[in-house]
Amino acid sequence: MNIFITGASRGIGLATAKRLLAKGHSVGLFDIDTVELERAIDDKTFKKALKGNRLVHGHLDVIDPEAWDTAIDHMLENFGGIDVLINNAGVLVSGALPNTDLDKQLSLIDINCKGVLIGCHKLAPHLADRKNAKIINLSSASAIYGQSEVATYSASKFFVRGLTEGLNIEYAELGIKVIDVMPLWVKSDMTKDIKVTSIDRLGINLNVDDVAKTLCKLSAQPNRKLSRTHYPIGFPAKMLHTASQVAPDSLMRFINSKIGTK
């Protein structure tokens with residue numbers, strides 16, 4: 001399969017690429033930070049894939065529609081088609097909303113929401129009618145119930161969740177399965193320096209390879225076997241997601257207030 005990954009220079013995106021290449025897939029790695037991307041692929045796994053014409057890489061600012069066109073053309077020129085899009089690029093800003101930088105919060109909305117939307121829009125014509133074509137969006141356990149101290153990030157992941165649910169229905173007629181993954185906190189560059197009460201209480205129990213393992217499995221899975229739209233990762237995320245299906249809103253608010261407020 002030919003798999004397009006955004007935000008691929010580090011973290012979940014890079015770990016997923018390594019796993020997919022090891023399984024014999026062809027991968028396109030794209031990131032706004034091309035210097036870091038070049039450094040990241042200076043590794044035997046990626047060098048071998050480059051020699052075998054199973055790896056392409058390049059610049060992608062996910063909020064720039066023309067940059068998407070260029071990245072897609074790069075994939076098509078080298079692989080002849082695209083089977084899976086993994087919308088991984090995202091950023092996080094933490095802190096009580098009035099105490100944070102507004103420009104950073106607005107940029108977060110651009111990247112986490114507009115970036116995913118543009119990817120879903122741009123890739124649809126290329127994925128349509130390809131066998132087992134998929135879009136896998138990176139949502140979050142913070143899209144189960146809104147989280148304090150990361151309220152804007154949480155809201156952006158609710159956007160991803162809603163878009164995924166809508167397109168899961170809409171894109172079915174195109175033969176495209178649209179799903180998302182919902183990990184809780186993941187140990188990565190994104191979470192390295194943030195201070196959030198829910199991390200103090202729950203800890204960080206996932207690493208990037210835990211998420212990459214799920215993304216790799218979902219990418220290769222036949223669409224007929226993907227019966228769900230959301231795939232929580234890790235026991236706490238699975239429990240919270242299950243509880244949200246049956247618990248009243250007041251109970252979910254209570255649980256999350258105890259997890260995420262001082």
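**Notebook: strands, helices and a few loop residues**

I started with one pair: Lys134 stands opposite Lys177 in β6. Strands here are DSSP runs of E with at least two residues, helices are runs of H or I with at least four residues, and both are numbered from the N terminus. The model is predicted, so I noted its limits: local features need pLDDT of at least 70, side-chain atom pairs count only at pLDDT 80 or more, and totals for chains, interfaces and linings use all residues. Residues are numbered from 1 along each chain as its sequence is written, and side-chain values use heavy atoms, with hydrogens and water left out.

**The sheet**

I looked up how β5 and β6 pair. They run in the parallel sense, over six bridges. Two strands count as paired if DSSP finds at least two bridges between them.

Next I checked β6 itself, residues 176-183. Seven of its eight residues are buried, so the strand is largely enclosed by the rest of the structure. Buried means under 20% relative accessible area, exposed means over 50%, and partly exposed lies in between, with a 1.4 Å probe and protein chains only.

Then I traced the whole sheet. It is open, has seven strands, and pairs in parallel in the order β3-β2-β1-β4-β5-β6-β9. At its edges I found β3 (55-59) and β9 (230-233), each pairing on one side only. Neighbouring strands are turned against each other by 15° on average, direction ignored. Angles like this run from 0 to 180 degrees between N-to-C directions, and axes are lines fitted to C-alpha atoms, for helices over the stretch in contact.

I also looked at β1 and β4. Strand β1 (residues 2-6) runs parallel to β4 (residues 84-87), and three bridges join them. Phe4 stands opposite Leu85 in β4.

**Helices on the sheet**

Which strands does α1 touch? Helix α1 (residues 11-22) packs on the sheet against β1, β2 (26-31), β4 and β5 (133-138). Touching means heavy atoms within 4.5 Å. The direction of α1 makes about 165° with that of β1.

I checked α4 (residues 65-79) as well. This helix packs on the sheet too, touching β1, β2, β3 and β4. Its direction makes about 155° with that of β1.

**α4 against α5**

Two packed helices are described by the angle between their axes and the distance between the axes. I looked up both values for α4 and α5 (residues 102-127): the angle is about 40°, and the axes are 10 Å apart. That makes α4 oblique to α5. Under 35 degrees counts as roughly parallel, over 145 as roughly antiparallel, 65 to 115 as roughly perpendicular, and the rest as oblique.

On the α4 side, the contact is made by Pro65, Trp68, Asp69, Ile72 and Leu76. On the α5 side I listed Gly115, Ile118, Gly119, Lys122, Leu123 and His126.

**Asn87**

Is Asn87 buried or exposed? Asn87 lies in strand β4 and is buried, with a relative accessible area of 2%. Its side chain reaches the backbone oxygen of Val116 at 3.4 Å. Leaving out residues up to four places away in sequence, Asn87 touches several others, among them Thr6, Trp68, Gly115, Gly119 and Ile135.

**Loop residues**

I turned to the loop between β4 and α5, where Leu97 sits. At 47% relative accessibility, Leu97 counts as partly exposed. Leu97 touches Gln105 and Thr152, not counting residues up to four places away in sequence. Its C-alpha atom is 7.0 Å from that of Glu149, although the two are 52 residues apart along the chain.

That led me to Glu149, in the loop between β5 and α6 (151-170). Glu149 is not a glycine, yet it has a positive phi of about 70°. At 18% relative accessibility, Glu149 counts as buried.

I found Ala143 in the loop between β5 and α6. Ala143 is buried, at 0% relative accessible area. Not counting residues up to four places away in sequence, Ala143 touches Lys157, Phe158, Arg161 and Met182. The C-alpha atoms of Ala143 and Gly162 are separated by 9.4 Å, with their places 19 residues apart along the chain.

Last, I looked up Asn132, in the loop between α5 and β5. Asn132 has a positive phi of about 60° and is not a glycine. This residue is partly exposed, with a relative accessible area of 22%.

Conventions
A polar contact is a pair of N or O atoms within 3.5 Å; within protein, one must be able to donate a hydrogen and the other to accept it, and residues adjacent in sequence count only if both atoms are side-chain atoms.
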